[in-house]
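Here is a walk through one protein model, from a single helix residue out to the overall build and back into the core. Keep the 3D view open while you read.

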Amino acid sequence: MAEETIFSKIIRKEIPADVVYQDDLVTAFRDINPRAPSHILIIPNKLIPTVNDIEVEDEAAMGRMFTVARKLAAEEGIAEDGYRLIMNCNVHGGQEVYHIHMHLLGGRPLGPLLLG
Ligand code: AMP
């Protein structure tokens, strides 16, 4: 069994977080250390440590992450100007929290690199 991270506690509302969306498959909350005016993390409610651990049965949750990203980008008012979606994997990818998460970043020109 994979070890839980702080993100499981956020999903269960056991610790405070600025949750902007939650349904049966995914939860979205504002990053505690925002690197852009809009910086939201979208995560599956199921604990999946890395992108390497995604199974076929997780495809519904993975798809939901994208439709929620689209919805939140519209709500943040960044859809037209544009934004970036990032998922880091393992050490070389710069992953710090081992519960997969999609970064939604926008609200300013992001340049060619971010989170590097
Ligand atoms: P990564 O480097 O892709 O694993 O990103 C982890 C992200 O989680 C970082 O951007 C952190 O700022 C963010 N983070 C860590 N703990 C929390 C927390 N309790 N609430 C919100 N965001 C967090």
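## Starting at a helix residue

Let's begin with E59, which sits in helix α2. Before going further, note that this is a predicted model. Is E59 buried or exposed? With a relative accessible area of 54%, E59 is exposed, because exposed starts over 50%. If you want a feel for distances, go from E59 to I86: the two are 27 residues apart along the chain, and their C-alpha atoms are separated by 17 Å.

## The overall build

Zooming out, the protein has three helices and five strands. Read from the N terminus, the order of elements is α-β-β-β-α-β-α-β. So how does its spread fit with its length of 116 residues? A compact globule with 116 residues would have a radius of gyration near 13 Å, and the protein has 14 Å, so the two agree. Along the principal axes, the C-alpha atoms fill a box of roughly 40 × 30 × 30 Å.

As for packing, 38% of the 116 residues count as buried. Take the contacts with a separation of 6 or more: 55% of these are between residues 24 or more positions apart.

On the outside, the accessible surface comes to about 6,800 Å², and carbon and sulfur atoms make up 53% of that. The charge count is 11 positive and 17 negative side chains, with the centres of the two sets lying 4 Å apart.

## Inside: two cores

Which residues of the largest nonpolar core touch the most other members? The core has 16 residues, and the answer is I40, I42, M62, M65, L72 and L104. Four elements, namely β2 (26–30), β3 (38–44), α2 (59–76) and β5 (102–106), each supply at least two residues of this core. Helix α2 gives the largest share, seven residues. Another core lies apart from this one; this other core has six residues, among them F7, I10, I11 and L41.

M65 is worth clicking on. Leaving out residues up to four places away in sequence, M65 touches V26, I42, I43, P44, M87 and M102.

F29 is another good one to pick. F29 belongs to strand β2. Its relative accessible area is 3%, so F29 is buried. What is F29 in contact with, leaving aside its neighbours within four places in sequence? The list is F7, I10, A17, D18, V19, V20, H39, I40, L41 and I43. By contrast with that contact list, here is a plain distance: the C-alpha atoms of F29 and I6, 23 residues apart along the chain, are separated by 13 Å.

## Loops and positive phi

Two residues catch the eye on backbone angles. K13 has a phi near 60°, a positive value in a residue other than glycine. You'll find K13 in the loop between α1 (6–11) and β1 (19–22). Its relative accessibility is 54%, so K13 counts as exposed.

N90 isn't a glycine either, yet N90 has a positive phi of about 60°. The setting is helix α3, which covers residues 90–93. N90 counts as partly exposed because its relative accessibility is 29%.

On either side of that helix are two loop residues. C89 is in the loop between β4 (83–86) and α3, while G94 is in the loop between α3 and β5. C89 has 24% relative accessibility and so counts as partly exposed. G94, with a relative accessible area of 38%, is partly exposed.

Where does C89 make its contacts, setting aside neighbours within four places in sequence? C89 is in contact with T50, V51, N52 and Q95. One of these, T50, is 39 residues away from C89 along the chain, with the C-alpha atoms separated by 5.9 Å.

To round things off, here are the C-alpha distances for the pairs of residues.

| Pair | Apart along the chain | C-alpha separation |
|---|---|---|
| C89 and T50 | 39 residues | 5.9 Å |
| F29 and I6 | 23 residues | 13 Å |
| E59 and I86 | 27 residues | 17 Å |
| G94 and I43 | 51 residues | 17 Å |

Technical notes: Residues are numbered from 1 along each chain as its sequence is written. This is a predicted model: local features need pLDDT of at least 70, side-chain atom pairs count only at pLDDT 80 or more; totals for chains, interfaces and linings use all residues. Side-chain values use heavy atoms; hydrogens and water are left out. A nonpolar core is a set of buried Ala, Val, Leu, Ile, Met, Phe, Trp, Tyr and Cys residues joined through side-chain atoms within 4.5 Å. Buried means under 20% relative accessible area, exposed over 50%, partly exposed in between (1.4 Å probe, protein chains only). Contact means heavy atoms within 4.5 Å. The radius of gyration is taken over C-alpha atoms; the globule rule is 2.2 Å times the number of residues to the power 0.38. Accessible areas come from the Shrake-Rupley method with a 1.4 Å probe; for residues, only the protein chains shown count as cover. Lys and Arg count as positive and Asp and Glu as negative; His and the chain ends are not counted. The place of a charge is taken as NZ of Lys, CZ of Arg, CG of Asp or CD of Glu.
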